[in-house]
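The following note sets out several points for a colleague who is examining the structure. Each numbered point may be read against the displayed coordinates.

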Amino acid sequence: MDGNHSDVHEVCLPDGRAIILVGTAHISRASRDLVRRVIERELPDRVCVELDGRRHDALTQPQRWENLNLRELIRSKQLSTLLVNLVLASYQKKLGDQLGMMPGAELLEAVETARGHDIPVALCDRDIRVTLRRAWHAVPFWKKSYLLSLLMASLFDREEISEEKLAQLRQSDALSELMAEVGRAMPELQRALIAERDIYLAERIKQAAGRRIVAVVGAGHVAGIRRALLGDHAGEMEEIDRIPPASGWWKAAGWLIPLAIIASLAWIGYDKGGAVAGSNVLFWILANGVPSALGAILALAHPLTVAGAFAAAPVTSLTPVIGAGYVTAFIQAMLRPPLVAEFHNVLDDMGTLGGWWRNRLLKVFLAFLLPGVGSMIGTWVGGYEIFRNVF
């Protein structure tokens, strides 16, 4: 076998088919060369790669951000998903800039080499959105803010990678290294990020047509995929490929809290008169509107976005259907749409504090996050005052 003995593994399935697993480092020219040599030597019936459609597009269409329909993303409430994807892309770009090679180049090499020899390619990884949502669902409520802080802190980490760490990253699966670090801090993420994907990748590889298949995967997944290939996990695929529904308790709370506030205002009006009820309604409007508008001001959003934050927060706080942040993000995107150059620069601008206020796309995210936080604070303050007047 080419390369280090630990890089390439042949697994024989019970039906006689052969799977050649090529374990790669996602930031390694040696891995890229190894992938090309193995495919050209084996000329397999099919090449499987550790990519889903979205990650494949990210590698083959580096300027894809320009084609985003930002308003439609906001309407469909996908802004938070886009933000997480941008954070991960920014992290990968920072690694690539320091290492001289973009993460995932060896996976793209596998796709291009296979197509150059007219070998069909199968994208075998789970949809990145499903993986992220399952990981988020696995984290307890009190740890979600910690996870978000880890992600955001990674953007502004300017520390240069040491030579020792560079060597380690070039000899391993960099993404798995990152996931292992996060997993040590949050063991709840290990199953969604690693174990489930090992099973998913193995089953998709087994589903691929052909007697001899080359599968290119990160080195950190090889051991788990080898075990899963020799087992039968087909019955688990439906479960691990779905986004877990929100818990019934959270759904109920999303409606019960607004209903309790409305009912409390009605009771105050009945028990203490319309004037007292009116003062409580005014307090609710100000308690929600002012901090949400302040959030928009901190984002340096358009004046009409600030006004929209003040007007929307008291209303959106009484329904779980939409948050104030989505209203303000939509207004900001309408009034100050991002320029083409800002889509080009977004991954670099994410790594600087000033870039978030300078780049119009990132300012839409600020107009989404900061008014939303203000509205959340206002809901607790306003709700406390209203309940206090009831009891």
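1. Two strands are taken as paired if DSSP finds at least two bridges between them. In this predicted model, strand 1 and strand 2 (residues 18-24) run antiparallel and are joined by five bridges. Within this pairing, Val-8 stands opposite Val-22 of strand 2.

2. The wider arrangement is an open sheet of five strands with mixed pairing, in the order 1-2-5-3-4. Strand 1 (8-12) and strand 4 (121-123) occupy the edges; each has a single partner strand, so one side of each has no neighbour in the sheet. Direction ignored, neighbouring strands of the sheet are turned by 20° against each other on average.

3. Which strands does helix 1 touch? Helix 1 (residues 29-42) packs on the sheet and touches strand 1, strand 2, strand 3 (46-49) and strand 5 (212-218). The direction of helix 1 makes about 165° with that of strand 2. Helix 11 (residues 222-229) lies across strand 1, strand 2 and strand 5, and runs at about 165° to strand 2.

4. Is Glu-203 buried or exposed? This residue belongs to helix 10 (residues 188-207). Glu-203 counts as buried because its relative accessibility is 5%, where the cut-off for buried is under 20%. Apart from neighbours within four places in sequence, Glu-203 is in contact with Ala-228, Gly-231, Asp-232, His-233, Ala-234 and Met-237.

5. Helix 16 (residues 324-335) and helix 19 (residues 360-390) merit inspection as a pair. Their axes come within 7 Å and cross at roughly 150°; helix 16 and helix 19 are therefore roughly antiparallel to each other, as angles over 145 degrees are so classed. The crossing of helix 16 and helix 19 is right-handed. On the side of helix 16, the contact is made by Ala-324, Gly-325, Tyr-326, Thr-328, Ala-329, Gln-332 and Ala-333. Helix 19 contributes Lys-363, Val-364, Ala-367, Phe-368, Pro-371, Gly-372 and Ser-375.

6. The structure holds two aromatic pairs. One of them is formed by Trp-267 and Tyr-270, with 5.4 Å centre to centre and 40° between the planes, a tilted arrangement. Trp-267 and Tyr-270 are separated by about one helical turn, because they are three residues apart in helix 13 (residues 248-272). Trp-267 counts as partly exposed at 42% relative accessibility, whereas Tyr-270 is exposed, with a relative accessible area of 66%.

How values were computed: Residues are numbered from 1 along each chain as its sequence is written. This is a predicted model: local features need pLDDT of at least 70, side-chain atom pairs count only at pLDDT 80 or more; totals for chains, interfaces and linings use all residues. Side-chain values use heavy atoms; hydrogens and water are left out. Rings of Phe, Tyr and Trp (its six-membered ring) pair if their centres lie within 6.5 Å; planes under 30 degrees apart count as stacked, over 60 as edge-to-face and the rest as tilted. Helices (H or I, at least four residues) and strands (E, at least two) are DSSP runs, numbered from the N terminus. Buried means under 20% relative accessible area, exposed over 50%, partly exposed in between (1.4 Å probe, protein chains only). Contact means heavy atoms within 4.5 Å. Axes are lines fitted to C-alpha atoms, for helices over the stretch in contact, and angles run from 0 to 180 degrees between N-to-C directions. Angles under 35 degrees count as roughly parallel, over 145 as roughly antiparallel, 65 to 115 as roughly perpendicular and the rest as oblique. A crossing is left-handed if the near helix is turned anticlockwise from the far one by less than a right angle, and right-handed if clockwise.
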